[in-house]
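Trainee: Can you walk me through this one? I'd like to start with the ligand and then look at a sheet.

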Amino acid sequence: MMNYGKQFIDDDDIASVIEVLKSDFLTQGPKVKLFENAISNYVGSKFAVAVNSASSALHIACLAIDLKKGDIFWTVPNTFVASANCGLHCGAKVDFVDIDRETLNISVKNLEQKLILAHKNNLLPKVLITVHFAGQPTMQKEIFNLSKKYKFKIIEDASHSLGALKEGETVGSCKWSDISVFSFHPVKMITTAEGGMAVTNDRNLANKMKSLRTHGIVREEDFMIQKNQPSFYYEQKFLGFNYRMNDISAALGISQLKKIEKFVQKRNDLARCYDDQFKDFPFSPQKILKNTLSSYHLYVITLEKDFLKMHSRNVIYEKLNNQGIKTNLHYLPVHLHPFYKSMGFNNGYLPVAENYAISSLSIPLYYSMTESDQEKVIQIFHKIFK
Ligand SMILES: *Cc1c(COP(=O)(O)O)cnc(C)c1O
């Protein structure tokens, strides 16, 4: 079976994990600090807070921004549920902005129209969570300009896009947002098994997130009420969690990050090959905008309308599956899950994302994919589509 994605682990990765197992620290220790510094350096952010998943990072990012009951936040429907769950955990109300048919990212036009309406109705969001779908950065500068006009904060869910660039700016520099969040789940750009990171240029947000990842505890004298205490002393100032990353994961992350540029390059090469080979096929790839380097976490195809009249996406999915190609759908629209429907969302509310979700598949693309693996995929596509 060839899967839509998988991790790549080499001997250096294994050696760095073994080194930690032989050391004094297994839980959060020196490797976590080094991994945070390495990510900060790479993306160009001032601060980084490592945690045990991107879902945790999104949660403490929302809390640090002070999203709470009575507030509204917006995100997109074409994402993993964690991009929306994080705000609900803070007690806030969710709404969704539909995506653009071609880039599959948040439609800035839809966003602006929705903001104008929300402004009239006094329903403006406090936070917008954007998602760089499949590794293509959103039009973050335009969104940032809207955030200044309508006074909302921005969290970039960059789970797909470590290594991506927009107008020369590395995703995670937070030039056009308050906080960006990365995932290190095995299918993502680099892995720590489970793991995530929030990056920001705001010292207060970073400190709050560092405290929230470990029960809301602070240890720096500047932030404590009691001064001149012995070093075992600490104070709990907020209600937080145990969201810490461990040193085993961090060591793996440090070793993986050294390979990010070749990961992104290889994924782009594979994508170019698919683009060329599938020019006359009855589906289209995600449109990548100018001045953009996608990290290509996913290679997504959208089946054409006419083709879909004769063959459903699910049938194509089964046919590929029977030939040993395990594709996937990213994503079932968040608002159509039973939990979200029970809040009042329904079919027809976000037509572009809904239509996309019945027409699309993510096909195999991963760093260790060989030329002959890709040839095999292309051959099978010829059999099924031609
Ligand atoms: C994978 C993913 C997450 C969650 O990441 P975890 O590290 O598994 O918690 C959140 N948002 C998006 C868009 C993702 O793809």
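Mentor: We'll take the ligand site and then one sheet, keeping in mind that this is a predicted model.

Trainee: Which residues come nearest to the ligand?

Mentor: Ser-55, Asp-157, His-160, Ser-183 and Lys-188, out of 15 residues around the ligand.

Trainee: What is the distance from the polar side-chain atom of Ser-55 to an oxygen atom of the ligand?

Mentor: 2.5 Å. Next to Ser-55 in the numbering, Ala-54 has a backbone N or O atom 2.9 Å from a ligand oxygen.

Trainee: And which residue has a polar side-chain atom 3.4 Å from a nitrogen atom of the ligand?

Mentor: That is Ser-159.

Trainee: How much of the ligand's accessible area does the protein cover?

Mentor: On its own the ligand has 380 Å² of accessible area, and the protein covers 93% of that.

Trainee: Which elements give two or more residues to the shell?

Mentor: Helix H3, residues 54-64, and helix H4, residues 82-89.

Trainee: And the shell by class?

Mentor: Five nonpolar residues, eight polar and two charged.

Trainee: Switching to the sheet: in what order do the three strands run?

Mentor: E8-E7-E14, as an open sheet with antiparallel pairing. Strand E8 (169-170) and strand E14 (292-293) each have a single partner strand, so one side of each has no neighbour in the sheet.

Trainee: How many bridges are there between E7 and E14?

Mentor: Two, with E7 covering residues 165-166.

Trainee: What is the bridge partner of Leu-165 in E14?

Mentor: Leu-293.

Technical notes: Residues are numbered from 1 along each chain as its sequence is written. This is a predicted model: local features need pLDDT of at least 70, side-chain atom pairs count only at pLDDT 80 or more; totals for chains, interfaces and linings use all residues. Side-chain values use heavy atoms; hydrogens and water are left out. A residue is near a molecule or strand if one of its heavy atoms lies within 4 Å of it. A polar contact is a pair of N or O atoms within 3.5 Å; within protein, one must be able to donate a hydrogen and the other to accept it, and residues adjacent in sequence count only if both atoms are side-chain atoms. Accessible areas come from the Shrake-Rupley method with a 1.4 Å probe; for residues, only the protein chains shown count as cover. Helices (H or I, at least four residues) and strands (E, at least two) are DSSP runs, numbered from the N terminus. Ala, Val, Leu, Ile, Met, Phe, Trp, Tyr, Cys and Pro count as nonpolar, Asp, Glu, Lys and Arg as charged, and the others, Gly among them, as polar. Two strands pair if DSSP finds at least two bridges between them.
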